[in-house]
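Here are my notes for your first look at this one. Have the structure open while you go through the points.

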Amino acid sequence: MNIIDELQWRGAINQQTDEDGLKELTEKQSIALYCGVDPTGDSMHIGHLIPFIILKRFQMAGHKPVVLIGGGTGSIGDPSGRNSERQLQTKETVQHNVDKLSAQMRKLFKAGEAESGIRLTNNADWLSPLSFLDFLRDYGKEFNINTMLSKDVVASRLEQGISFAEFSYQIIQSIDFLHLYRHEDVQLQIGGSDQWGNITAGLDLIRKKEGHEAEAYGLTIPLLLKSDGTKFGKTAGGAIWLDPEKTSPYEFYQFWINQQDADVVKYLKYFTFLDQTEIAKLEQSLTDEPWKRQAHKALAEEMTRFVHGQAALDEAIQITEALFSGEIADLTAEQIEETFGDVPTSEATRGEHDIVEFLADITGICSSRREAREFIEQGAITISGEKVTDLDYTISSTDTFDDRFIIVRRGKKKYYRVNLTD
């Protein structure tokens with residue numbers, strides 16, 4: 001299947017500048033294409049990931065992806081999707097973010113491996129040497145103010161106001177496309193739907209500079225919405241980051257496995273590299289055996305493996321299964337800290353504690369000693385994965401995780417973390 005046909009099937013195309021021309025080009029030869037991200041932070045989140053999934057698909061189809069890290073544009077700020085000016089970052093912060101994002105891209109695209117074909121670029125390399133006069137003479141003259149004002153990304157900001165710096169962003173991104181066309185043989189730029197104006201501005205610049213016969217294309221992906229109409233990727237707990245220090249692989253896995261039934265097939269098409277036959281089987285499983293949640297598990301496994309690797313996926317599954325069964329005794333202290341970060345937390349001193357006093361007086365997990373005794377006698381209390389039914393039980397260091405935590409489960413689902421202090 002042609003890559004354009006596959007993207008259409010996956011619902012991953014919003015607009016194309018020349019659908020027939022791009023399809024014909026990709027059928028007859030391998031092309032270079034690029035997608036960019038500005039270093040506004042030191043990690044991408046899953047919203048940023050969407051266009052790079054498309055870039056990865058082109059890579060797997062034999063094409064040559066170019067990843068642009070916007071060390072130059074990131075120092076100014078893209079106005080798209082915002083109603084106010086971006087806060088300028090220091091050069092040191094921008095460079096730190098460039099380094100971190102570059103590392104993430106190398107991991108996602110297997111950069112450094114012989115057959116990866118990936119190229120990483122930084123537009124600071126060609127934008128920084130450009131003088132202001134050269135910018136105006138060589139590029140500013142090619143852009144009509146009326147045309148720039150009509151672009152959605154600018155028009156939406158006119159009422160609130162927009163700085164010259166952010167207004168000029170589409171010129172700077174156009175320079176990127178022209179540079180990559182000339183020096184990296186890039187013929188296609190892809191981006192989110194909010195990048196359409198910037199992409200078409202780049203195509204206009206290429207044709208003005210290189211001639212109308214220049215063969216270059218643009219493609220955008222649709223804004224991804226959940227079945228309830230809200231924007232994908234937003235959660236009550238904040239963004240889902242690709243950096244495991246910001247969002248652990250377990251949390252990442254849980255995000256995907258907990259998607260709504262109505263969305264899971266769309267996400268399998270959009271995000272995973274499973275083929276049509278595999279996705280059709282998973283879609284059927286939602287009807288035939290919904291309780292097995294095979295589609296959800298496949299989505300979570302594919303995405304966690306892609307972003308974090310097999311070892312991290314294995315650990316995420318281990319933690320998930322331990323929590324489901326309640327058998328958490330084999331988890332490490334680090335896994336406990338990662339997994340039980342959001343449960344009610346209290347403190348207790350290290351040493352031995354009477355179980356009833358521990359639950360009622362020290363941690364407050366039970367409202368009274370009477371309630372504590374009732375829960376213990378009913379078999380509703382587990383201490384760090386072990387059920388306790390003895391009213392005379394003494395909690396000791398053997399009940400802790402690395403002498404740092406004790407995890408109490410009350411009933412079937414209520415967990416509490418006790419941090420141990422001296």
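1. Let's start with burial: of the 422 residues in the protein chain, 49% count as buried. Keep in mind that this is a predicted model.

2. For the overall picture, the chain has 19 helices and 13 strands. Its C-alpha atoms fill a box of roughly 85 × 50 × 45 Å along the principal axes. Among contacts between residues at least 6 apart in sequence, 72% join residues at least 24 apart.

3. Now look inside. In soluble globular proteins, nonpolar side chains tend to be buried together. Here the largest nonpolar core has 61 residues, and those with the most contacts inside it are Phe52, Leu188, Leu219, Phe232, Trp256, Phe271 and Met303. Helix α3 (residues 46–60) gives the most to this core, with eight residues. At least three residues come from each of domain 1 (1–219) and domain 2 (233–324).

4. Try zooming in on Phe271. Which residues does Phe271 touch, leaving aside those up to four places away in sequence? They are Ile50, Ile53, Arg57, Leu224, Phe232, Trp256 and Met303. Of these, Phe232, Trp256 and Met303 are also listed with Phe271 among the residues with the most contacts inside the largest core.

5. Don't miss the second core, which is separate and has 28 residues, including Met148, Leu180, Tyr181 and Leu205.

6. Finally, the outside and the charges. The accessible surface of the chain comes to about 20500 Å², and 46% of that belongs to carbon and sulfur atoms. There are 45 positive and 67 negative side chains, with the centres of the two sets 4 Å apart.

Note on methods: Residues are numbered from 1 along each chain as its sequence is written. This is a predicted model: local features need pLDDT of at least 70, side-chain atom pairs count only at pLDDT 80 or more; totals for chains, interfaces and linings use all residues. Side-chain values use heavy atoms; hydrogens and water are left out. A nonpolar core is a set of buried Ala, Val, Leu, Ile, Met, Phe, Trp, Tyr and Cys residues joined through side-chain atoms within 4.5 Å. Buried means under 20% relative accessible area, exposed over 50%, partly exposed in between (1.4 Å probe, protein chains only). Helices (H or I, at least four residues) and strands (E, at least two) are DSSP runs, numbered from the N terminus. Domain bounds come from an automatic or database domain assignment. Contact means heavy atoms within 4.5 Å. Accessible areas come from the Shrake-Rupley method with a 1.4 Å probe; for residues, only the protein chains shown count as cover. Lys and Arg count as positive and Asp and Glu as negative; His and the chain ends are not counted. The place of a charge is taken as NZ of Lys, CZ of Arg, CG of Asp or CD of Glu.
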